[in-house]
Amino acid sequence: MKPERARSLQWLLVRRLILLQAGMLLFFIVLLIVVLSVVKPRLMIDNEAAVTAVTGAVDRDKDGKLIVHDTDELTQFRAEHPKVWYIIHDATGQTARLGIAPPDYDRDLGSLLSSVDHASVGFAGKRDGKEMRPEAFVQKVDTKAGPVQVVTSTFHSRSDSEGFDISITAIVDMARKPDGTADWPRVLPGLLASLGIVLLPIILAMGVTTLVTTPAVVRRSLTGLIGAANQAARIDFDTRAMQLPVKNVPQEVVPLVSAFNQALGRLAQGIDSHNRFLTDAAHELRTPIAILRTRAELLTDEPETLRLRQDIERLSHLAQQLLDHQSLDRPNEHRRVVDLAEFAGRVAADLAPLAIEAGYDFAFEPPDGKVEVEVNALQIEQLLANIVRNAIEHGGGKGTITVLVDRAGGLEVHDEGPGIPVEEHKNVFEPFYRVHPHSHGAGLGLNLARQIAQLHGGSITILNGPWQGARVRVHLPLHRRTA
């Protein structure tokens, strides 16, 4: 099962901001349409009523000329709207007028409006310092005189027409049903296309702006969080007491960072308490072990007594390893420059009796000249002692144990025993791990050696080759002057 992919905050914000902007734009356009319909409903209603009133009054005389009868409906409408005016055009170009039309409409507009079925007509510009409003209504209707085009309005402009141009503000060729209602299936596609032409560039512009600015804003806003994450990546066992900064972290993320810091504090306290317990236990074990050693020395030299003394020594060595292991957590300030060849020779000389007593030959191979390293001498002595003791324990009780130093800062211990299987080379450095579960030892020696090597900026590995036995190599950085 694949792990769920983390969601990108900046692209989530980009998508949602674009959708929000598009939605708000559509909302304001709908609101504008509603406001316009509320502001000027009466004018539209009156204009359509004017067309209805004149439709039944249009006719032709015996010569075929357009005329307008004074029907009761038209007379009543004109009484209610004394400023109403009409201009009627037919397909042959004849015109009939009723009322006083504004000068802008009184000129011949037939050629301009001949293709219009239904529209609102007004002037572009200002009049008396005010913006012009649509003042006329154009609609094609069927009358007794045949299909005609009616231009009418209940609003009369008192201004002249100079400097003003006619603009058609509705959709050209808007279809009307015979009953006068709008044919929306034919109108709606054109209306949507018009809105799309207006809205699409605006939405694209806002989308591109959001796409460019949002990632930069997100990165700038999360700078403090990125810094805290980088610092968290540097936390390890030795820096577990470190706390993440919350100064520049976004306020919404501060609770998460604070909770992480509290968890680090609890973990550090728990590890310190555990280490103190191990140290105290190791110290407490030393007293009864010393008593056992003293009493064992008073016993007669018999096979069981010798095995008992060996067990006591292993127990004493285990307690010392626990103490050494805990001492690595304390700051290491006692380093000095030593000659690794001379230093390893002295430690090897101290360990030689243990190897010889266990049945091994012991050899030391120094390099030509000095090999200077800057180390904590006590810890490097512990490192070498643990590797040699491991060779004594698992070398099979025969052959030669060799300690070797080279000019590259290498420190090697060779034995001629059964060796360590290749697949176990990494496992043997884990604490309390033993290749053979029933073997002697606690499995702490090589783990302690690895920690000491790493504290000194070095490494420890088990070499592969055709030789018999195990070869453990420690590499320590050379002192700058030597390097």
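**A walk from a helix pair to three side chains**

Let's start with two helices that lie against each other: α11 (residues 377-394) and α12 pack at an angle of about 150°, and their axes are 9 Å apart. Since angles over 145 degrees count as roughly antiparallel, that makes α11 roughly antiparallel to α12. Keep in mind as you look around that this is a predicted model.

The way α11 passes α12 is a left-handed crossing. Which residues make the contact? On the α11 side they are Q379, I380, Q382, L383, N386, I387 and N390, and on the α12 side G445, L446, L448, A449, I452, A453 and L455. Sort them by class and you get nine nonpolar residues, five polar ones and no charged ones.

It helps to look at the spacing with helix geometry in mind. An α-helix has 3.6 residues a turn, so residues three or four places apart point the same way. With that in hand, try picking out Q379, L383, N386 and N390 along α11, which are among the contact residues, and then L448 and I452, two of those on α12.

Now stay with α12, which spans residues 445-455, and ask which of its residues are buried. They are G445, L446, N447, L448, A449, I452 and A453. After α12 comes G457, and its phi is positive, near 75°.

Next, move along the chain to strand β17 (residues 471-475), where R473 sits. Is this arginine, R473, buried or exposed? The cut-off for buried is under 20% relative accessible area, so R473, with 17%, is buried. Leaving aside residues up to four places away in sequence, R473 touches D406, A408, G410, L411, E412, S459, I460, T461 and L463. One of these, E412, deserves a second look: R473 and E412 are 61 residues apart in sequence, yet their C-alpha atoms are 4.3 Å apart in space. Their side chains are also joined by a polar contact of 2.7 Å.

Strand β3 (residues 85-90) holds another side chain to look at, that of H89. H89 has a relative accessible area of 11%, so it counts as buried. Its side chain makes a polar contact of 3.2 Å with the side chain of T95.

For the last stop, go to helix α1 (residues 9-39), where you'll find R15. R15 has 48% relative accessibility, so it counts as partly exposed. In sequence R15 and T210 are 195 residues apart, while their C-alpha atoms are separated by 8.8 Å.

Note on methods:
Residues numbered from 1 in each chain as written. Predicted model: local features only at pLDDT ≥ 70, side-chain atom pairs only at ≥ 80, totals over all residues. Heavy atoms only, no water. Buried < 20%, exposed > 50% of the residue type's maximum accessible area, 1.4 Å probe, protein only. Helix = DSSP H or I, 4+ residues; strand = E, 2+ residues; numbered from the N terminus. Axes fitted to C-alpha atoms, helices over the stretch in contact; angles between N-to-C directions. Parallel < 35°, antiparallel > 145°, perpendicular 65-115°, else oblique. Left-handed = near helix turned anticlockwise from the far one by under 90°. Contact = heavy atoms within 4.5 Å. Nonpolar A, V, L, I, M, F, W, Y, C, P; charged D, E, K, R; others polar. Polar contact = N/O pair within 3.5 Å; in protein donor to acceptor, adjacent residues only side chain to side chain.
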